[in-house]
Amino acid sequence: SERAQKREKNSVTDVEMRFFDEYKKLDALCKDMYAFEKGVTDYLNNMEENFQQGTHTVRGWDRDYRAIKRLRHIRNLIGHQTGSSGCTESDFNDLQRIHLRFLQHEAAAGNRSAHTALNHALDAMLASDLYDPLDGAFFRATLTEDWRAFVPEKPLAINALLALTLLESGRRAEAVRTLDFLLSACFAPGGALNPCLTYDRESCAFTPEQVCAALGGEDGLRVCRLLGLRRQHTGLPPKVTPSRFSPVEDSPEADLPRTPTLPHSLTPEDAAFLRRVMPQLQRVRAARTPPTPAPCILSEDCALAAAVFALCGRRLGESRYIQAAQRAVGYLAALSPALPPSYSPVSALNAQLTCGAGAALALALLTLGQAEELHSYRESGLRLLGAALHAFTTPDGLPMHTPQDAAAFFPRIPAVWDSELPSPAALLLHALALADACRPQAGYKDAALVLWQAAAPYARQQPLACAGLIDAAHFTLSESREAPA
């Protein structure tokens, strides 16, 4: 009928408009990346000039050339309005995938500088009050911009993600120390992982006299010099806004207890010396007021740490980390036969389901299930991911925090913003990537594309707040399926 034809024409026009806008972004990116005056057209001309060499050295060169040329032809038909362009939703999706690949190439070109920046940041963190050199864990935050005066809390999920970052950046020893801290300090009865340990600030600090009493005069003075436990080595503590986290004010008469901090650089001899004496200082600290664990288990934090344990265990060849991940997901799976509650012990107040908890547990199960001998976890992860997608996404693909999006305790709506942890939408995308690697024909990549298309406007408006989501989209919608970063 005439009305049906009109509806069809309007839908095609909408696809053409979205296609045209996406093409303009790709064209601008080509101009920026390659200094081409005509963007995609000059890129195609360059491919033609190097066609013989490209087809022999780059896999899929001719296929990419034909695809980009076809998409440029569709763009020209739309721009010149010479009739129907024949543009379909599939053409728009193809254009989005090619645009994403260009973005990935741009990111790869900047990988060296990004890797350098990451190393500088990690060096600064390891030599700041954020890092506890005695047990290898990180505190939640500091009270100054130069990372001094730590907040005496060690969160599970932040330490797990930092351990993975350290491992990915080639700092195996530091990563193992952080993972071992989580194994020894954060496990609760039943296999759960406690989300946070709160310390008494004084229990983390030492005076030079205490160090010398534990290690002897010569070794004690050397430790005080290396770990900045005397005023002449570190200067006065920073001035901070008074709060419950503020350190005790220093006095000119005596050295107050100070928390150990690594120097910016260590000789191999000093590093070996610290490795030898650290256990003795740890025993002194262990005899003091123990840290206070959080009164509940946060499902999202526990599952995210389990995913990190599984991934690091496989890469390091350490079965103890994989077993820790198995215990944690076993605890969470036992809370509910379907989607996990946001935290436990469960009560009427906190029994609601959350996108972050469901997505993180699916990610942990699928990460464990990458090992063939643990295929049962893979099947459980696929089932849970399907339930999470059904519960936490609207018909247009937009992720929500809760099935009802009540926002009573979760004010970030939609669930695409990062805070301390990756956004729930980012966790869903990482889980979809692993699911697609297990079953490429099941449509998981299409589901990821729908989710990204719904969330992309928010990512464009707030790219820093959505950094985890953007990174997850790059990983999920690329051809790489190694592991989430």
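Biologist: What counts as a contact here, and what is the model's status?
Modeller: Contact means heavy atoms within 4.5 Å. This is a predicted model, where local features need pLDDT of at least 70, side-chain atom pairs count only at pLDDT 80 or more, and totals for chains, interfaces and linings use all residues. Residues are numbered from 1 along each chain as its sequence is written, and side-chain values use heavy atoms, with hydrogens and water left out.

Biologist: Which residues does leucine 469 touch?
Modeller: Residues up to four places away in sequence are not counted. The partners of leucine 469 are Val416, Asp418, Ser423, Ala425, Ala426, Leu429, Trp452, Ala455 and Ala459.

Biologist: Is serine 423 buried or exposed?
Modeller: Serine 423 sits in the loop between helix 16 and helix 17. Helices are DSSP runs (H or I, at least four residues), numbered from the N terminus. Serine 423 touches Ala415, Val416, Trp417, Asp418 and Leu469, leaving out residues up to four places away in sequence. Buried means under 20% relative accessible area (1.4 Å probe, protein chains only); serine 423 has 0%, so it is buried.

Biologist: Which helix gives the most to the largest nonpolar core?
Modeller: A nonpolar core is a set of buried Ala, Val, Leu, Ile, Met, Phe, Trp, Tyr and Cys residues joined through side-chain atoms within 4.5 Å. The largest has 111 residues, and those with the most contacts inside it are Val223, Leu274, Phe309, Leu385 and Leu469. With twelve residues, the top contributor is helix 13 (residues 299-316).

Biologist: How do helix 16 and helix 17 pack, roughly parallel or oblique?
Modeller: Axes are lines fitted to C-alpha atoms over the stretch in contact, and angles run from 0 to 180 degrees between N-to-C directions. Helix 16 (residues 375-392) and helix 17 (residues 424-438) have axes 11 Å apart, at an angle of about 130°. Angles under 35 degrees count as roughly parallel, over 145 as roughly antiparallel, 65 to 115 as roughly perpendicular and the rest as oblique. Therefore helix 16 and helix 17 are oblique.

Biologist: Which residues of helix 17 meet helix 16?
Modeller: Helix 16 brings Arg378, Leu382, Leu385, Ala388 and Leu389. Facing them in helix 17 are Leu428, Ala431, Leu432, Ala435 and Cys438.

Biologist: How is helix 13 set against helix 15, roughly parallel or oblique?
Modeller: The axes of helix 13 and helix 15 (residues 355-368) come within 8 Å. They cross at roughly 20°. That makes helix 13 and helix 15 roughly parallel.

Key
Buried < 20%, exposed > 50% of the residue type's maximum accessible area, 1.4 Å probe, protein only. Helix = DSSP H or I, 4+ residues; strand = E, 2+ residues; numbered from the N terminus.
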